[in-house]
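Me: Can you walk me through this one? I'd like the sheet, then the core, then the surface.

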Amino acid sequence: LNKVSRIRLQGGHVAGCSGILLGHQTYANNGQITLDAVAVGYFDYNFYTTDNFWRTAFYNCFSWNPLTHKFYYGSSVNAGEEICFYSCFFADGPGEFRIDAPFGKFNFYGCSFGNCKFTIAAGAQVTYTNFFGCNFENGGNNSSYQFVDIAAPQCNVAMYNSSITWDVPAV
């Protein structure tokens with residue numbers, strides 16, 4: 001197993017610069033990664049995945065204020081098997097959490113999405129996503145807010161004991 005723990009990466013909001021690249025285009029045995037207490041912010045893509053990204057666990061990770069995506073899953077070769085997030089926080093900035101690949105299985109346990117849209121794009125044809133005890137919150141956005149956007153034709157999404165909160169600011 002590969003493990004990264006207790007680091008903080010902060011970029012300079014530079015287009016095309018990713019904080020952490022997960023997977024590898026040619027090394028097939030690049031999966032089974034654990035990230036523990038990893039904080040990544042101010043990159044174009046805070047977490048970016050490529051081929052050979054599988055059986056990865058995130059514990060107490062934090063992704064904030066990227067230019068484009070807090071987490072981007074676009075892998076299509078040897079990727080997507082059992083990706084799990086435990087007590088992670090995705091927050092603020094214009095970026096979203098985006099799944100945009102043909103296959104993947106994602107489980108979220110006690111995670112929070114603050115001002116962070118969760119998108120399963122049309123390219124994610126067969127995706128399984130489960131949320132257990134998670135929170136989606138807009139944090140005072142004045143207008144309506146799209147928390148979860150599901151455009152994939154054959155995906156499965158389930159929420160168990162989770163909450164969606166629209167915080168309307170005081171007038």
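Reply: A definition to start: two strands pair if DSSP finds at least two bridges between them. Strands (E, at least two residues) are DSSP runs numbered from the N terminus. This is a predicted model, where local features need pLDDT of at least 70 and side-chain atom pairs count only at pLDDT 80 or more, while totals for chains, interfaces and linings use all residues. Residues are numbered from 1 along each chain as its sequence is written, and side-chain values use heavy atoms, with hydrogens and water left out.

Me: What order do the strands of the open sheet have?

Reply: The order is S2-S4-S7-S10-S13-S16, 6 strands with parallel pairing. Strands S2 (18-22) and S16 (148-150) are at the edges with a single partner strand each, so one side of each lacks a neighbour in the sheet.

Me: How many bridges join S13 and S16?

Reply: S13 (residues 118-120) pairs with S16 over 3 bridges, in the parallel sense. Ile-120 has Ile-150 of S16 as its bridge partner.

Me: Switching to the core. Which strand gives the most to the largest nonpolar core?

Reply: That core has 35 residues, and Phe-58, Phe-71 and Phe-85 are among those with the most contacts inside it. S3 gives the most, with 4 residues. A nonpolar core is a set of buried (under 20% relative accessible area) Ala, Val, Leu, Ile, Met, Phe, Trp, Tyr and Cys residues joined through side-chain atoms within 4.5 Å.

Me: Back to Ile-150. How accessible is Ile-150?

Reply: Ile-150 has 42% relative accessibility and counts as partly exposed, meaning between the buried cut-off and exposed (over 50%), with a 1.4 Å probe and protein chains only.
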